[in-house]
Number of protein chains: 2
Amino acid sequence: VSPTFLSPPSLDAASLNRYVKTYGASVLELDRSLAAAPAPPDLIDLTHGDTRAFTPPATAAADFHSALAENTEAYTAYRGSSSLRARIAPRLGDLLGRTVDPDRELIVTPGTQGGLFAVLSALVSSGDRVALPDPEYFMNERILAYLGAVVVRLPIEQDDKGLLSIGADNLAAARAARPRLLLLSHPNNPTGGVYESSTIQALADMAVDEDLIVVVDQLYCRLIYAGAQYTHLGALPGMIERTVTLVGPSKTESMSGYRVGVAVGPPPVVEAMERVVSLASLRAPGYCQQVLRHWAEDDAEWLTRRTAGHQALRDLMVERLRSISGVSVAPPAGSSYMFPLVGSPRWATNGPADDHEIAMAIKAAGVLVSPGYQFGPSGRGRFRINFSQDKKRLLSAAERITSALS
Amino acid sequence: VSPTFLSPPSLDAASLNRYVKTYGASVLELDRSLAAAPAPPDLIDLTHGDTRAFTPPATAAADFHSALAENTEAYTAYRGSSSLRARIAPRLGDLLGRTVDPDRELIVTPGTQGGLFAVLSALVSSGDRVALPDPEYFMNERILAYLGAVVVRLPIEQDDKGLLSIGADNLAAARAARPRLLLLSHPNNPTGGVYESSTIQALADMAVDEDLIVVVDQLYCRLIYAGAQYTHLGALPGMIERTVTLVGPSKTESMSGYRVGVAVGPPPVVEAMERVVSLASLRAPGYCQQVLRHWAEDDAEWLTRRTAGHQALRDLMVERLRSISGVSVAPPAGSSYMFPLVGSPRWATNGPADDHEIAMAIKAAGVLVSPGYQFGPSGRGRFRINFSQDKKRLLSAAERITSALS
């Protein structure tokens with residue numbers, strides 16, 4: 001398998017600009033038409049993980065029930081319960097490879113998404129330029145559009161081991177556009193790729209040289225597969241004072257239904273984030289905050305099992321997708337996403353495949369996937385799946401996707 | 001007791017403007033100095049209700065546990081679980097005196113605050129004028145400041161039965177300022193006042209005549225005391241198509257720790273709100289949404305008990321506060337707030353009393369209250385308390401406030 005270049009050469013600068021220009025409303029229209037399209041009764045939803053296939057750790061419900069019985073944590077500080085922050089700060093420090101001051105550098109947010117919105121609202125003003133990998137988590141660009149920011153794209157490449165890199169030319173071009181902020185998910189959503197450590201170092205160098213603030217969404221940083229080396233961007237020299245790292249239990253631990261995440265960053269940024277959270281929803285749900293009490297605590301064995309379970313599904317799904325003629329896919333090095341490219345479905349007779357049409361065809365066959373356009377211009381011809389699913393249902397989804405694309 | 005005029009005449013137009021101009025940072029500085037001020041170890045916090053004194057109805061935890069056991073509602077639509085919306089729409093219709101389409105006119109939000117933020121973010125742009133009663137819930141003005149909106153103040157009067165009215169002159173002046181939107185809490189936060197039906201009708205007339213959108217935060221509309229008549233603004237003729245009504249179980253039902261609220265409004269506004277919620281935190285917490293399953297369902301008896309319990313505490317607290325020399329207070333007609341005025345504390349030698357100093361003195365005596373400035377210019381010399389507390393602690397707080405102000 002050859003390296004998969006994520007920006008198809010057919011998307012030149014002019015079409016990129018067109019894409020960006022029409023991103024707002026037209027993307028919502030595409031979303032709506034996909035949502036409205038008919039589907040067979042037993043639609044398999046691969047747009048997110050199945051919390052019944054991979055259930056939350058038992059500590060989550062137990063911690064919630066304790067908090068409810070204690071009945072003292074309904075009204076916490078806007079940045080989250082102070083006793084909880086004191087409790088999890090050392091654990092977060094171990095995870096992120098740095099120290100974390102629970103009072104000044106840590107905020108509990110309404111999900112990792114709530115942290116993302118808070119940090120961008122706090123730091124980004126209309127007209128600001130923000131560097132963003134292509135492809136990236138679709139909500140990143142939508143929040144930036146809501147704030148009136150201008151996106152500077154960093155096209156990324158993914159090799160056949162799922163590792164990501166950003167070419168020196170693309171980095172230099174992004175630098176020349178003089179962004180104020182660098183925003184990225186790592187592992188990358190939608191590819192599941194993990195960045196080469198040399199790329200992470202190059203991003204840190206850019207951030208220090210250009211005095212950028214960096215926001216890194218590490219929601220999936222605990223689900224890394226064998227053979228991949230994961231570098232925490234915020235732990236590199238010179239980065240603690242300029243990096244906001246977002247993490248949370250929504251994905252690896254299947255705890256999305258509680259809506260809690262955490263952000264670690266410089267004290268003034270945490271303070272500004274707290275102000276946004278207080279306006280947007282006061283605080284993360286008081287009782288739900290407490291499900292973090294035992295999150296990521298002494299769970300190495302549990303995490304090994306969970307990672308192995310997902311790695312097996314990853315390998316299975318890569319094999320099934322690659323067996324479809326015209327489809328290529330890089331195995332993700334982390335997360336439960338993959339981002340296959342459909343080179344030539346039978347019904348695409350004019351030019352490259354359209355990822356909206358592809359998602360519509362797959363839905364007609366009984367599987368809901370996230371169409372590539374949601375993730376940036378490089379999503380052309382691609383779709384994202386979340387393979388954190390029941391194995392039988394995932395195999396059934398693979399069959400349906402095969403029939404839709406063959 | 002004479003009617004309490006909420007805008008002290010000493011606050012002329014020029015000082016109002018100065019107040020508004022310095023509202024942003026200086027208010028945060030005042031907040032910080034109050035938060036940092038030392039307090040005795042057993043501080044009694046009257047800035048919010050005590051969920052141990054008035055506990056949530058038993059259905060809440062039971063519904064949450066069911067949702068967790070079912071494990072199907074972690075990922076709902078951004079506007080909330082569709083089965084839940086179908087279930088609660090008729091009940092909401094009964095409550096609000098109108099019909100509610102569960103698919104098009106209803107959104108479950110991350111608390112009522114999440115609904116407030118979503119609707120204002122969806123509708124208000126920088127420079128828009130928004131009419132707002134004075135005094136009002138402090139977060140209303142902070143969200144508007146965040147959005148760059150210009151506040152048009154509607155000074156309100158409260159009589160000694162706790163009923164609120166807005167004078168014809170003040171209404172005409174607000175109309176002349178040509179606002180785009182009218183935003184109010186009802187019952188009013190911080191006074192606990194309920195608007196006279198003639199004032200509600202005048203607000204509706206203004207909205208229809210001037211083609212305004214109206215956002216009414218009815219978080220406390222189920223906690224109305226004997227003798228008060230409550231009019232739902234959104235149920236008046238011509239109002240359904242222009243009113244967004246926010247409600248939720250956070251206050252009357254003490255369920256703030258779950259962070260769920262609901263908003264009912266015109267379909268295009270609900271759609272725009274959903275987009276904001278999706279950016280700000282994806283959705284209200286999936287499992288927590290389900291605590292609404294039995295919310296406000298066949299609970300007339302429970303509500304009568306809860307209201308009577310609060311009414312007794314209201315009467316007690318009004319009596320205690322009125323026994324302090326120089327303090328006047330109108331008994332709230334609804335909610336668990338009251339907003340006493342300190343006319344002549346011993347340290348107020350020049351002009352009206354300073355509500356920041358008052359709150360600092362009360363804190364030094366062992367009670368945390370919300371200082372008047374947070375609620376608008378008419379808060380000068382006032383403080384807000386939430387009397388949804390354990391009776392003994394409330395009496396102890398009254399003693400401490402008495403010693404601070406005597």
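**Figure 1. A salt bridge joins the two chains.** In this close-up, the side chains of Glu271(A) and Arg32(B) meet in a salt bridge, with 3.0 Å from N to O. Keep in mind that what you're looking at is a predicted model. How many salt bridges does the rule find across the interface of chain B and chain A? It finds two. Polar contacts turn up here as well: 19 residue pairs make them across the interface of chain B and chain A, both partners being at pLDDT 80 or more.

**Figure 2. Where chain B touches chain A.** Pull back a little and the meeting of the chains comes into view: 47 residues of chain B are in contact with 47 residues of chain A. Between them they bury an area of about 3900 Å², and carbon and sulfur atoms give 63% of that. On the chain B side, the residues that lose the most area to chain A are Tyr75(B), Tyr146(B) and Leu279(B), together 19% of what that side buries.

**Figure 3. One helix, two kinds of residue.** Here's α8 of chain A, a helix of 14 residues running from 197 to 210. At 1.5 Å a residue it should span 20 Å, and its end C-alpha atoms are indeed 20 Å apart, so the two values agree. Which residues of α8(A) are buried? They are Thr199(A), Ile200(A), Leu203(A), Ala204(A), Met206(A) and Ala207(A). Look down the helix axis and these buried residues of α8(A) fall within an arc of 160°, so they line one face. Why can that happen? An α-helix has 3.6 residues a turn, so residues three or four places apart point the same way. The face of α8(A) turned away from the buried side carries the exposed residues Ser198(A) and Asp209(A).

**Figure 4. What covers the helix, and what follows it.** Several elements of chain A cover the buried residues of α8(A), including the strands β5 (150-155) and β10 (213-217) and the helix α7 (168-176). Just after α8(A) comes Asp211(A), which takes a positive phi of about 55°.

**Figure 5. A glutamate in a loop.** Glu136(A) sits in the loop between β4 (129-134) and α6 (138-147) of chain A. Is Glu136(A) buried or exposed? With 2% relative accessibility, Glu136(A) counts as buried. Its side chain makes a polar contact with the side chain of Asn140(A), at 2.9 Å. Beyond its neighbours within four places in sequence, Glu136(A) is in contact with several residues, among them Leu184(A), Asn188(A), Pro190(A) and Phe375(A).

Terms used: Residues numbered from 1 in each chain as written. Chains lettered and ligands numbered in written order. Predicted model: local features only at pLDDT ≥ 70, side-chain atom pairs only at ≥ 80, totals over all residues. Heavy atoms only, no water. Helix = DSSP H or I, 4+ residues; strand = E, 2+ residues; numbered from the N terminus. Buried < 20%, exposed > 50% of the residue type's maximum accessible area, 1.4 Å probe, protein only. Contact = heavy atoms within 4.5 Å. Polar contact = N/O pair within 3.5 Å; in protein donor to acceptor, adjacent residues only side chain to side chain. Expected span 1.5 Å × (residues − 1). Arc of directions from axis to C-beta. Buried area = accessible area lost by both parts, 1.4 Å probe. Salt bridge = Lys/Arg side-chain N within 4 Å of Asp/Glu carboxyl O.
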